[in-house]
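Please open the structure in your viewer and keep the selection tool at hand. This tour moves from one pair of side chains to the next.

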Amino acid sequence: MTPRTQTQTQTQTQTQARTRTVARPATPQRENGEKRGVHGTLVKVLLHRRTDRGMSLEPYASRCVRRGEIHELVTTDHRETAPGTRIDRVGFLGFVELGCGGVLDRGDGVWLGDTRVGTVLGFDACHFPNHYNILIDAGRLLTGDDLRLRPELPVRFHPAD
């Protein structure tokens, strides 16, 4: 091997060493950092429940919402979160006007006044773009009457832990 060939070989080896991909252990990549809670005010109370509603769970685990939007709060005892899941058993709490924009995520806690009602299960968009049905896993079908809700009651969506 000539000195020139030897130098070329060394250079190629060094370049390959620098560009070689190092295998790293597979670790789940975190997607979500901290976020602020979303809050609003109850503007209308609903009193009924249904066992044949036929809502359909949207394929999204989160939805961006804007200040001033009005959305419906619906409780359920369903737990399945697969996209398109049919949600029949529901209790209607009422409509909330949002006081700030933000992101609502599956698993966020839902508070009406001082009462923790449950966690966001997901969203049904059958009335969108007018409003979303925000589906709340409450473990049972609660209505505005059950919780003695009144207009102007504060509503909070607290970020999941």
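**A tour of charged pairs**

Begin by selecting Asp52, which is partly exposed, with a relative accessible area of 46%. The model in front of you is a predicted one, and the stops on this tour are salt bridges, of which a search of the whole structure finds seven.

With Asp52 still selected, add Arg50, since these two residues form a salt bridge in which the closest N and O atoms are 3.1 Å apart. Arg50 also counts as partly exposed, because its relative accessibility is 34% and the partly exposed class lies between 20% and 50%.

Next, select Arg86 together with Asp88, where another salt bridge brings the closest N and O atoms to 2.8 Å apart. Asp88 counts as buried, because its relative accessibility of 17% falls under the 20% limit.

Now move to Asp105 and Lys35, whose side chains meet in a salt bridge with an N to O distance of 2.8 Å. This pair links distant parts of the chain, 70 residues apart: Asp105 belongs to strand E8 (residues 102-105), whereas Lys35 sits in the loop between helix H1 (3-19) and strand E1 (38-45). Is each partner of this pair buried or partly exposed? Asp105 counts as buried at 19% relative accessibility, while Lys35, at 29%, counts as partly exposed.

Finally, keep Lys35 and Asp105 selected and add Asp108, and you will have on screen a network of salt bridges that links these three residues.

Key: Residues are numbered from 1 along each chain as its sequence is written. This is a predicted model: local features need pLDDT of at least 70, side-chain atom pairs count only at pLDDT 80 or more; totals for chains, interfaces and linings use all residues. Side-chain values use heavy atoms; hydrogens and water are left out. A salt bridge is a side-chain nitrogen of Lys or Arg within 4 Å of a carboxyl oxygen of Asp or Glu. Helices (H or I, at least four residues) and strands (E, at least two) are DSSP runs, numbered from the N terminus. Buried means under 20% relative accessible area, exposed over 50%, partly exposed in between (1.4 Å probe, protein chains only).
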